[in-house]
Amino acid sequence: MTDVFFEELVTELRLGTSKKGHPFRYMTMATTDEEGDPRLRTVVLRRVTEDLKLFLYTDQRSTKVTHIKKNKRASLLFYHPKKLLQLKVDASARCITDEDTLKRYWSGVPLASRKDYTTVSPPGSPISNPDALSYSEGLDNFCILELHPTKIEYLKLKRPNHIRVDYTREGNDWKGQFLVP
């Protein structure tokens with residue numbers, strides 16, 4: 001019976017990459033810093049594969065990349081306000097470094113968006129004002145994060161009963177268990 005809800009979450013994740021304005025396009029990502037403190041930021045979902053790998057783009061000099069290199073565990077939080085649907089995803093993250101793969105994805109990044117990955121100074125560096133940015137050429141700092149979900153918690157707020165399901169990856173399959181909301 002949990003399969004119906006799993007199919008819905010997969011559909012919504014995929015729509016986050018293909019449907020303009022879909023709320024799953026943007027999500028909150030959590031990593032832990034060197035002291036073990038949680039760090040949150042909003043990221044953009046770029047791709048979802050058949051086996052539910054999730055892909056994000058970032059600057060390889062960003063703090064989230066530093067965190068992932070030290071601790072590959074990450075969490076994602078999605079929320080669809082019209083459907084009152086929340087997904088919490090626990091995942092193992094890695095940085096893709098293969099040059100051919102990076103070039104292939106880079107070719108699909110719109111020219112106006114490439115600036116997000118080509119600042120001379122790393123993200124988070126102090127600047128005198130927002131116009132004080134300088135840029136480099138190429139994809140030297142472009143990075144793809146690949147996240148392998150290990151657990152997904154589905155929560156749908158509805159009446160008469162909210163629905164909460166915990167999905168755990170077991171090999172290539174997902175096992176669902178209803179939870180008290």
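Is R61 buried, exposed or partly exposed? R61 is partly exposed, because its relative accessible area is 24%. On this scale, buried means under 20% relative accessible area, exposed means over 50%, and partly exposed is in between, using a 1.4 Å probe and protein chains only.

Okay, some ground rules before we go on. This is a predicted model, so local features need pLDDT of at least 70 and side-chain atom pairs count only at pLDDT 80 or more, while totals for chains, interfaces and linings use all residues. Residues are numbered from 1 along each chain as its sequence is written, and side-chain values use heavy atoms, with hydrogens and water left out.

Back to R61. It forms a salt bridge with D59, and the closest N and O atoms are 2.8 Å apart. By salt bridge I mean a side-chain nitrogen of Lys or Arg within 4 Å of a carboxyl oxygen of Asp or Glu. The general idea is that side chains of opposite charge can pair when their charged atoms come close. And the partner here, D59, is buried, with a relative accessible area of 3%.

How many salt bridges does this rule give? The count comes to 11. Let me show you two others.

One joins the side chains of E153 and K88, at 3.5 Å from N to O. E153 sits in strand 7 and K88 in strand 6, so this pair ties together parts that are 65 residues apart in sequence. When I say helix or strand, I mean DSSP runs numbered from the N terminus: helices are H or I with at least four residues, strands are E with at least two. E153 is buried at 11% relative accessible area, whereas K88 counts as partly exposed at 36%. There's a third player too: K88, E153 and R164 are linked in a network of salt bridges.

The other one is between E50 and R14, whose side chains meet at 3.8 Å, N to O. That pair links distant parts of the chain, with E50 in the loop between strand 3 and strand 4, R14 in helix 1, and their positions 36 residues apart. E50 is exposed, at 73% relative accessibility, and R14 is partly exposed, at 28%.

Since R14 brought us to helix 1, let's stay there. Why does the length of helix 1 look right? It has 16 residues, 3-18, which at 1.5 Å a residue should span 22 Å, and its end C-alpha atoms are 23 Å apart, so the two agree. The expected span, by the way, is 1.5 Å times one less than the number of residues.

Which residues of helix 1 are buried? They are F5, F6, E8, L9, V10, E12, L13 and G16. Those buried residues pack against strand 3 (47-48), strand 5 (73-80), strand 6 (85-96), strand 7 (142-156), strand 8 (163-170) and strand 9 (173-179). Contact here means heavy atoms within 4.5 Å.

Next stop, T58. Find it in strand 4, residues 54-59. T58 is buried, with a relative accessible area of 4%. Leaving out residues up to four places away in sequence, T58 touches K64, V65, Y117, N141, F142, C143 and L145. Its side chain also makes polar contacts with the side chain of S62, at 3.3 Å, and with the side chain of K64, at 3.0 Å. A polar contact is a pair of N or O atoms within 3.5 Å; within protein, one must be able to donate a hydrogen and the other to accept it, and residues adjacent in sequence count only if both atoms are side-chain atoms.

Now for some backbone oddities. Most residues other than glycine have a negative phi, and most peptide bonds are trans. L52, in the loop between strand 3 and strand 4, has a positive phi, near 70 degrees. L52 is buried, at 4% relative accessibility. L84 has a positive phi as well, about 50 degrees, although it is not a glycine. You'll find L84 in the loop between strand 5 and strand 6, and it counts as partly exposed at 35%. As for peptide bonds, a cis one joins R159 and P160, with omega about 10 degrees. P160 lies in the loop between strand 7 and strand 8.

So, have a look at R61 and D59 in the structure yourselves, where the salt bridge is. Thanks, everyone!
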